[in-house]
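This report looks at one strand and its neighbours, and then at the pockets. The sequence and the structure come first.

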Amino acid sequence: MQYERYVGRMSPVWQILEVKAAEHMRRHPSDWFDADPGRAERLSGHVAGLAVDYSKQRLNDDVIDALLALAEERGVLNQRDAMFAGEHINGSEDRAVLHVALRNRSNRPIMFDGEDVMPEVSAVLAHMEEFVTAVHSGEWRGYAGDPITDVVNIGVGGSDLGTRMVCRTLGSYADRGIRAHFVSNIAPSDLASKLVTLDPRTTLFVVSSKSFSTQETLANARSAREWFLESAPDEAAIAKHFVAVSTNTEKVREFGIDPKNMFPIWDWVGGRYSLWSAIGLPIALNLGMDRFYRLLDGAHALDEQFRTTSGRDNLPLILGLIDVWNADFLGSDSLAVFPYGTRLGFLPAHLQQVMMESNGKRVRVDGHPVDSHTSAVLWGGLGTNGQHAFYQLLHQGTRLIPSDFICAIRTHSPIGNQQRQLLSNFIAQSRALMVGRSLEDIEQQMRSEGADEETVRSIAPHRVCPGGQPSTTILFPQMTPEAVGALLALYEHRVFVAGAVWQIDSFDQWGVELGKQMANEVEPHIGESGSEAPFDGSTRWLLDQIGQHWSSDQDGRQ
C-alpha cells in the first residue's frame with residue numbers, strides 16, 4: 001500500500017504542536033485540574049469494558065485537536081481502513097496485516113487478495129477446538145494410555161511471549177487439569193529445568209515455528225525429543241506427544257509429528273500478533289477453548305471500536321497520538337507500564353515486543369529516514385514492587401517518563417482487605433507522580449513536626465517531589481478473558497496509530513534478522529582458542545575466552 005504523501009516536521013500542524021509543547025512543559029498538570037473541574041470527565045472514556053483516564057497527561061483540548069489534525073494529515077484512519085481491508089500495508093515484506101481476522105467474532109468477510117480469509121480462520125479454530133476437547137476429555141492420551149497433564153510450549157519471541165503472558169494473566173481460569181510450561185531460551189537450563197519436573201508419559205509438547213526452522217525453537221524441540229525418546233518405546237510415540245504450529249508440512253513430518261496434528265498459521269499474521277492464532281493453542285489447552293473464544297471476543301470488541309469510530313471517541317487513536325506527543329514534542333524517550341496485580345506481571349515483557357519491534361524503525365515506508373523520534377523504550381514491572389524500587393526515579397529523577405497504570409477492580413483471590421490496599425496504592429501513585437510535593441509544603445510539614453530551621457533548610461530539598469509526570473490509567477471490573485483480550489488489542493492498535501503517524505512500517509522486523517545471521521557466522525568458531533576468524537578484535541577476544549574454557553569439554557558443561 002502507498003501511504004499518504006509524506007508531510008514532515010515543517011507542516012503547520014507539527015509547528016503548532018511544537019509551540020504548544022513548549023507552553024505545556026512550563027505548566028504543572030495539577031493546575032489544569034484546579035482550573036477545569038470537568039477535565040477528568042472529558043479526557044477519559046470507555047471501550048470494550050475498559051475505563052481509560054488520560055487526564056493526567058500533559059495536554060489539553062487544544063493539543064488533542066491538533067493531534068487529531070496531525071492524524072488526518074498523515075492519513076492514519078485511511079491506513080486503518082487499509083489494514084482491515086487486507087491491503088498489503090507491510091510493504092517491505094509485501095504482506096497484509098490481518099491479525100484482526102483471527103478474532104473476527106462477527107465472521108464478517110475480511111478479504112485478502114480477493115478471497116475471504118474467514119473460512120480458513122474458522123476451520124483452524126474448529127481444529128483447535130476438536131483437539132483441545134479430545135485432550136480435556138481424556139480421549140487423547142499418551143503412548144502409555146495416560147491422560148495429558150502438562151503442555152510445554154516451545155517457541156521464541158511472538159511464539160512465546162504473548163501465549164505465556166495470557167496463561168499467566170488468566171491463571172485463575174486454569175481449572176482444566178492441564179498445567180502450562182514455556183521454553184524459549186536456547187540456554188540449556190531453560191529446557192532442563194522444565195523437563196526435570198515432567199513425566200514423558202503425560203506431557204504434550206507444542207512446537208511453534210511458522211517455518212519450522214527457527215534456530216532456538218528447533219534446538220529446544222530436538223532436545224525435548226531426545227529426552228522423550230529415552231522413555232518412549234519407539235519413535236512412533238512422538239505422534240502422541242508432539243504437535244506443531246507451522247506451515248512447513250514436510251519438516252513437521254520429518255520431525256515425527258503427524259501432519260494431522262499440525263495447526264497452520266498464515267504469512268499475514270506477524271509473530272507479535274500471533275497469540276490470537278493457533279499459536280494460542282497452549283492457552284486453549286490450559287484454560288479451555290471456551291475461554292480462548294472469550295479472549296477473542298474481548299479483542300474483537302476493541303477492534304470494532306477502533307474500526308468504526310473516529311476523533312475523541314476512538315480511544316486507541318487518542319492513546320497512540322499521545323505516545324507521539326510524548327515522544328516527539330515533550331521529549332520523553334520511554335514509557336513505563338505498571339500492572340497492579342501479580343498475574344499481570346508478564347504484561348510489560350509482551351508489550352515490549354509489541355511496541356519496540358513494531359515501531360523501533362528509522363526509515364519511513366518510502367525508504368527515507370524519519371525526521372523525528374519513533375518508538376519509546378517500554379519498560380515496567382509490578383506496581384507495588386516497583387514502588388519500593390524504581391518509582392524513586394519517577395518521583396525525583398530528572399527525566400520525563402510517561403506511565404501506564406493498569407488494574408482490575410475486583411480480584412479472583414480475595415484475602416482480607418488487600419485488594420482495597422492495592423487499589424489505594426494504584427490510585428495514589430499516579431496522583432503522586434502528577435501532583436508531587438513542593439518545597440514549601442515540606443518545610444511547613446517539618447516545622448509542624450517540630451524540626452528546627454537548620455534541619456528544615458538542609459533536609460527539605462531532599463524530600464521534594466516535583467510532580468508533573470504524565471500517566472494514563474486503565475481499569476476494568478475483573479481479570480476476565482474478555483478484559484485481557486480488549487487490553488491487548490488496545491495496545492496493538494495504539495502502536496499501529498503511532499507508527500502510522502511516523503509513516504513507518506510497523507509490521508516488519510528486519511533488525512531482528514541481523515543478529516540471527518551473525519550468530520550463524522559465529523557458531524562454527526565457538527570453542528576455538530586464538531581464533532583467526534575474520535571478525536573484529538572484540539569478537540575474536542571473546543571467542544578466545546570461550547575457547548580457553550571449552551577445550552576440555554566440547555559440550556560446555558562445568
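## A buried strand and two pockets

In this predicted model, seven of the seven residues of strand β10 (residues 334–340) are buried, so β10 is largely enclosed by the rest of the structure. Buried here means a relative accessible area under 20%. The burial applies to both faces of β10: S334, A336, F338 and Y340 are buried on one side, and L335, V337 and P339 are buried on the other.

**Strand pairing.** β10 pairs in the parallel sense with strand β11 (residues 377–380), over four bridges. Within that pairing, S334 has V377 of β11 as its bridge partner. β10 also pairs in the parallel sense with strand β12 (residues 403–410), over five bridges. There, D404 in β12 is the bridge partner of V337. S334 and V337 are both buried, S334 on one side of β10 and V337 on the other.

**Connection.** Helix α15 (residues 347–359) belongs to a right-handed β-α-β unit, together with β10 and β11.

**Largest pocket.** The volume of the largest pocket is about 960 Å³. Its lining has 38 residues, and those closest to the pocket centre are T214, G271, Q509, E513 and K516. Three elements give two or more residues to this lining: α10 (215–229), α15 and α22 (510–522). With six residues, α22 gives the most. The helix α15 of the β-α-β unit is thus also one of the elements that line the largest pocket.

**Second largest pocket.** The second largest pocket has a volume of about 530 Å³. It is lined by 23 residues, of which G341, T342, T411, Q419 and L422 are the closest to its centre. At least two lining residues come from each of β10, α16 (383–387), β12 and α18 (418–435). Strands β10 and β12, which pair in the parallel sense, therefore both contribute to this lining.

The make-up of the two linings is set out below.

| Pocket lining | Nonpolar residues | Polar residues | Charged residues |
|---|---|---|---|
| Largest pocket | 11 nonpolar | 18 polar | nine charged |
| Second largest pocket | eight nonpolar | 13 polar | two charged |

Which elements of the β10 region take part in the pockets? For the largest pocket, α15 is among the elements that give two or more residues. For the second largest pocket, β10 and β12 are among the elements that each supply at least two residues.

Methods:
Residues numbered from 1 in each chain as written. Predicted model: local features only at pLDDT ≥ 70, side-chain atom pairs only at ≥ 80, totals over all residues. Heavy atoms only, no water. Buried < 20%, exposed > 50% of the residue type's maximum accessible area, 1.4 Å probe, protein only. Pairing = 2+ DSSP bridges. Right-handed = clockwise from strand over helix to strand, strands pointing away. 1 Å grid on protein atoms, 1.4 Å probe; cavity = no way out; pocket = protein on both sides within 12 Å on 5 of 7 lines; lining within 4 Å. Points joined across faces, edges and corners; volume = space filled by probe spheres on them. Nonpolar A, V, L, I, M, F, W, Y, C, P; charged D, E, K, R; others polar.
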